[in-house]
Amino acid sequence: MNTRSLRLRLIFIILIPLLLVAGIAAVWQLQTTTKRAEEIFDRGLLSAALAISRDVALSGGDALSSSTRRLVNDTSGGELFYHVFAPDGVFVTGYATPPALGANLPTDQEDPYYFDALYQGQAVRVLRFRDAMSVDGLTGLFTITVWQPTQVRASFVQAVGFRAIGVIALIVGSVAAIVWFGVGLGLRPLLDLQEAIAKRTPSELEPIRRSVPVEVRGVVSTLNSLLDRVSRRISSKDEFISNAAHQLRNPIAGILALAEAVESAPNAKAAKSRSKELVAAARDATYLTNQLLSFERASGDAQDVRRDRIEVSELITTCLTRLNKDVGKKDVEIIVAPASERLHLLGDALMLQEAILNLLTNALVHGGPTLSRIEVSARRSGENVEIAIQDDGRGILLEKLDQARVRFGQADAGPGSGLGLSIVERVLDNHTGHFELRPTGKGLRAVVSMPSIRS
């Protein structure tokens with residue numbers, strides 16, 4: 001059913017089965033009434049036949065008692081006809097010509113039996129039985145026949161049936177009216193919920209906190225979850241715009257100044273020198289822009305993260321390939337320690353690459369002049385996989401670890417955007433993981449930990 005009104009939909013859902021049940025009940029009532037009427041009228045015929053037999057025996061067939069006449073004249077609401085003849089076939093009393101027996105009906109049966117026949121072109125119900133009695137010295141089995149038009153009982157069934165159907169129709173109509181207004185009252189909490197939702201704006205996405213029927217609590221819970229995700233996503237977008245505006249203002253201004261310097265260079269040598277500075281500034285701005293975009297991608301909700309099966313050694317190999325492509329060759333040895341077993345994760349391969357690349361780049365950029373070696377290893381630790389990046393550079397002082405993890409923060413002034421570790425933290429939060437920075441005797445050890453899956 002594709003109706004736009006929930007009230008109409010509920011009405012149809014309730015009333016269609018109700019009408020079906022009412023129809024079945026009406027048919028059953030009609031059949032029961034018909035059967036009951038047949039029993040009542042047949043008993044009326046039998047009562048009349050027995051009364052006639054008694055009066056014939058008492059009066060010798062001359063007269064019926066007043067009670068029997070009343071019974072004959074108004075049996076179950078209609079006139080009744082009768083006929084009595086003696087064992088020798090002589091007419092005794094009643095109407096001269098009874099309905100004829102059918103060809104297959106017995107003529108010598110003593111027990112009462114009923115049959116349908118025609119009498120003067122009219123359908124009648126007939127009772128015929130034989131009773132032993134003595135009339136005017138004649139003793140034997142006298143045959144008593146009583147009959148009545150079937151229209152009498154048909155009218156009775158019709159009247160009773162119409163009353164029953166009328167009662168059923170009244171009940172169905174009453175139920176329909178009650179359901180119509182009851183559904184309206186029942187849907188009122190939904191209208192209140194609609195009003196509460198309408199009050200939400202893009203800047204005010206507060207959860208809905210009101211009492212609602214148990215049937216719609218799941219809807220409200222899902223809606224609140226959606227509102228929360230949308231609110232956090234909007235906040236993330238606002239934060240990204242604010243960060244981009246703040247961080248790109250100076251680099252863009254520097255690029256513009258260098259471009260103007262190139263344009264106003266006094267000679268080709270000065271223009272070439274300033275062009276090199278312009279290219280370097282453009283590269284720094286590009287790197288910062290890419291970091292901002294990576295930070296924005298990593299700011300998504302954990303529910304939005306892809307859940308692909310990732311082989312850890314392949315992930316590390318891909319990261320090193322991208323590092324060589326983006327950073328180029330440096331006088332730093334990068335060693336990959338093979339794992340003792342195949343390790344697997346569930347997650348977004350691209351975002352996990354961003355996280356590990358940022359840790360590798362962080363080691364290269366901030367390792368200092370003493371940096372000569374970076375070792376990457378992976379191992380299973382309980383239910384988690386740990387990926388460690390160990391360098392032999394200058395490291396970070398213990399008291400400056402928290403400062404290094406803050407967005408746009410750095411332990412020491414130097415190159416970079418200050419977003420690398422923030423990107424790592426966001427990515428791992430969305431993958432139910434975490435990372436640590438551990439100063440060692442020489443250099444820094446960054447350890448990423450995430451839930452593993454069995455191979």
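In the predicted model, isoleucine 197 is in contact with Ile208 and Leu223, leaving aside its neighbours within four places in sequence. Isoleucine 197 belongs to helix 4, which spans residues 188–198. Its relative accessibility is 37%, and it therefore counts as partly exposed. Between isoleucine 197 and proline 207 the C-alpha to C-alpha distance is 9.3 Å, for a separation of 10 residues in sequence.

An open sheet is formed by 5 strands in the order 2-1-5-4-3, with antiparallel pairing. Strand 2 (91–94) and strand 3 occupy the edges; each has a single partner strand, so one side of each is left without a neighbour in the sheet. From one strand to the next, the twist averages 25 degrees. Within this sheet, strand 1 (residues 81–85) is paired with strand 5 (residues 138–149) through 5 bridges in the antiparallel sense. In this pairing valine 84 of strand 1 is found opposite isoleucine 144 of strand 5. Two helices pack on the sheet. Helix 1 touches strand 1, strand 2, strand 3, strand 4 and strand 5, and its direction makes about 35 degrees with that of strand 4. Helix 3 touches strand 4 and strand 5, and the angle between its direction and that of strand 5 is about 45 degrees.

The loop between strand 3 (113–119) and strand 4 (122–135) holds glutamine 120. Most residues other than glycine have a negative phi. Glutamine 120 is not a glycine, yet its phi is positive, at about 55 degrees. With a relative accessible area of 73%, glutamine 120 is exposed.

A pair of aromatic rings is described by the distance of the centres and the angle of the planes. The model contains 8 aromatic pairs. One of them joins phenylalanine 41 and phenylalanine 156, whose ring centres are 5.8 Å apart and whose planes make an angle of 70 degrees, an edge-to-face arrangement. This pair links distant parts of the chain, as phenylalanine 41 lies in helix 1 (residues 6–59) and phenylalanine 156 lies in helix 3 (residues 150–186), 115 residues away. Phenylalanine 41 has a relative accessibility of 1% and so counts as buried, whereas phenylalanine 156, at 34%, counts as partly exposed. Elsewhere, ring pairs connect Phe81, Tyr82, Tyr95, Tyr119 and Trp147 in a cluster.

Two packed helices are described by the angle between their axes and the distance between the axes. For helix 1 and helix 2 (residues 66–73), the axes come within 10 Å and cross at roughly 150 degrees. This crossing is left-handed. On the helix 1 side the contact is made by Ser47, Ala48, Ala51, Ile52, Arg54 and Asp55, and on the helix 2 side by Ser67, Thr68, Leu71 and Val72. By class, these residues comprise 5 nonpolar, 3 polar and 2 charged.

Further along the chain, strand 9 (residues 373–381) and strand 10 run antiparallel and are joined by 8 bridges. Strand 9 and strand 10 form a hairpin with 2 residues between them, and glycine 382 in the turn has a positive phi of about 65 degrees. Glutamate 375 faces glutamine 390 of strand 10 across this pairing, and valine 376 has isoleucine 389 of strand 10 as its bridge partner. Strand 9 is also paired with strand 7 (residues 333–337), here in the parallel sense and over 5 bridges. In that pairing valine 336 stands opposite valine 376. Valine 376 thus has bridge partners in strand 7 and in strand 10.

In a regular strand the side chains alternate between the two faces of the sheet. The covered face of strand 9 consists of Ile374, Val376, Ala378 and Arg380, and the uncovered face of Arg373, Glu375, Ser377, Arg379 and Ser381. Strand 10 (residues 384–391) is largely enclosed by the rest of the structure, because 7 of its 8 residues are buried. Strand 10 is also joined to strand 12 (residues 444–451) by 7 bridges, and these two strands run antiparallel. There, asparagine 384 has proline 451 of strand 12 as its bridge partner.

How values were computed. Residues numbered from 1 in each chain as written. Predicted model: local features only at pLDDT ≥ 70, side-chain atom pairs only at ≥ 80, totals over all residues. Heavy atoms only, no water. Phe/Tyr/Trp six-rings, centres within 6.5 Å; stacked < 30°, edge-to-face > 60°. Helix = DSSP H or I, 4+ residues; strand = E, 2+ residues; numbered from the N terminus. Buried < 20%, exposed > 50% of the residue type's maximum accessible area, 1.4 Å probe, protein only. Axes fitted to C-alpha atoms, helices over the stretch in contact; angles between N-to-C directions. Left-handed = near helix turned anticlockwise from the far one by under 90°. Contact = heavy atoms within 4.5 Å. Nonpolar A, V, L, I, M, F, W, Y, C, P; charged D, E, K, R; others polar. Pairing = 2+ DSSP bridges.
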